[in-house]
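Student: I should like to work through a protein model by question and answer. May we begin once the sequence and structure are displayed?

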Amino acid sequence: YHECGHAIVSYYIPECDPVREVTTIPRGMAAGYTLYIPKDERQHMSRAEMCAHMASCMGGRAAEELAFHDQFTGASNDIKQATKLARDMVTEYGMSEKLGPVYLGSEREVFLGKSFAQEGMGLSEKTASMIDNEVHRLVEGAYKRAFDILTEHRDQLDALAQLLAEREKLNGEGFKAFMEGKSLPEAADETASN
């Protein structure tokens, strides 16, 4: 369900990159993975693309909660990615509605729970709290967006989870065919095309 959540959320958000492969076959520390094909070579991302990426990251956790009414540790890296992106949006890119187009970040590392930049830039506790609140709002919004998409398309989530339980892997063409309700290639044919 976790990988299906990433893939389905990405499919329904136009700003997300297309799915290249979704699998439940473990690789390294990952129990499965979803790969994407970048739409184009880009050095910059829009706010809409960043919000889409956060929602895609949160799709795994949302699918788990929807299917099992529980939370699992497998979403930790996804949550970390979404949180980092949200913090960068607020502190580095000036993409916060509440704080505005202001640079509040630093290249320095965190030391004992407080960054040197906070002291050097003179961030007040109020500003630091506003940053935390904005990051939380962005990540929660991304989670809600993912959860709503998966709730609306719950039938596809369940069917894709069943299909992946049987096949273990779908390439991008197979995933797209599934999402469009078209017939899928045989599992052996699909694996050979990768």
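The dialogue below takes up the sheet, the nonpolar core, the aromatic pairs and some backbone angles.

Student: What kind of model is this, and at which pLDDT do side-chain atom pairs count?

Tutor: The model is predicted, so confidence matters when reading local features; they need pLDDT of at least 70. Side-chain atom pairs count only at pLDDT 80 or more.

Student: In what order do the three strands of the open sheet lie?

Tutor: The sheet is open, and its pairing is antiparallel. Its edge strands are β2 (33-36) and β5 (169-171), each of which pairs on one side only. Neighbouring strands are turned by 10° against each other on average, direction ignored. The order is β2-β1-β5.

Student: Which residue of β2 is the bridge partner of Val-19?

Tutor: Strand β1 covers residues 19-23 and is joined to the antiparallel β2 by four bridges. Elsewhere in this pairing, Val-22 has Thr-34 of β2 as its bridge partner. For Val-19, the partner in β2 is Tyr-36.

Student: Which residue of β5 stands opposite Thr-23?

Tutor: Strands β1 and β5 run antiparallel and are joined by three bridges. Opposite Thr-23 in β5 stands Lys-169.

Student: How many of the five residues of β1 are buried?

Tutor: A residue counts as buried under 20% relative accessible area. By that criterion β1 is mostly covered. Helix α1 (residues 2-12) lies across β1 and β2. The number of buried residues in β1 is four.

Student: At about what angle does helix α1 run to β2?

Tutor: Helix α1 comprises residues 2-12 and lies across two strands, β1 and β2. Relative to β2, the helix runs at about 25°.

Student: How far apart in space are Ile-37 and Val-19, C-alpha to C-alpha?

Tutor: Ile-37 is placed in the loop between β2 and α2. Beyond its neighbours within four places in sequence, Ile-37 is in contact with Asp-17, Pro-18 and Arg-20. Ile-37 and Val-19 are 18 residues apart in sequence, while their C-alpha to C-alpha distance is 6.2 Å.

Student: Is Ile-37 buried, partly exposed or exposed?

Tutor: Buried requires a relative accessible area under 20%, and exposed requires one over 50%. The value for Ile-37 is 41%, so this residue is partly exposed.

Student: Which helix gives the most residues to the largest nonpolar core?

Tutor: The largest nonpolar core has 44 residues. Several elements each supply at least two of them, including α1, β1, α3 (76-91), α5 (125-152) and α6 (154-167). The greatest contribution, 10 residues, comes from α2.

Student: Which residues of this core touch the most other members?

Tutor: In soluble globular proteins, nonpolar side chains tend to be buried together. As an example of the packing here, Met-54 is in contact with Ala-82, Leu-85, Ala-86, Met-89, Leu-138 and Ala-142, leaving aside its neighbours within four places in sequence. The residues touching the most other core members are Met-54, Leu-150 and Leu-160.

Student: Of the five aromatic pairs, what type is formed by Tyr-11 and Phe-175?

Tutor: A pair of aromatic rings is described by the distance of the centres and the angle of the planes. For Tyr-11 and Phe-175 the centres are 6.0 Å apart and the planes stand at 85°. Planes over 60 degrees apart count as edge-to-face. The pair is therefore edge-to-face.

Student: How many residues separate Tyr-11 and Phe-175 in the chain?

Tutor: Tyr-11 belongs to helix α1 and Phe-175 to helix α7, so the pair links distant parts of the chain. Tyr-11 is partly exposed at 32% relative accessibility, whereas Phe-175 is buried at 2%. Their separation is 164 residues.

Student: Which residues form one aromatic cluster with Phe-72?

Tutor: The rings of Phe-68 and Phe-72 have centres 5.8 Å apart and planes at 85°, so this pair is edge-to-face. Phe-68 is partly exposed at 45%, and Phe-72 is partly exposed at 37%. Together with Phe-72, the cluster is formed by Tyr-1 and Phe-68.

Student: What is the phi of His-69, approximately?

Tutor: His-69 lies in the loop between α2 and α3, and it counts as exposed at 71% relative accessibility. Although His-69 is not a glycine, its phi is positive, at about 50°.

Student: What value is the phi of Glu-168 near?

Tutor: Glu-168 is found in the loop between α6 and β5. At 43% relative accessibility, Glu-168 counts as partly exposed. Its phi is positive in a residue other than glycine, and lies near 75°.

Technical notes. Residues numbered from 1 in each chain as written. Heavy atoms only, no water. Pairing = 2+ DSSP bridges. Axes fitted to C-alpha atoms, helices over the stretch in contact; angles between N-to-C directions. Contact = heavy atoms within 4.5 Å. Buried < 20%, exposed > 50% of the residue type's maximum accessible area, 1.4 Å probe, protein only. Core = buried A, V, L, I, M, F, W, Y, C linked by side-chain atoms within 4.5 Å. Phe/Tyr/Trp six-rings, centres within 6.5 Å; stacked < 30°, edge-to-face > 60°.
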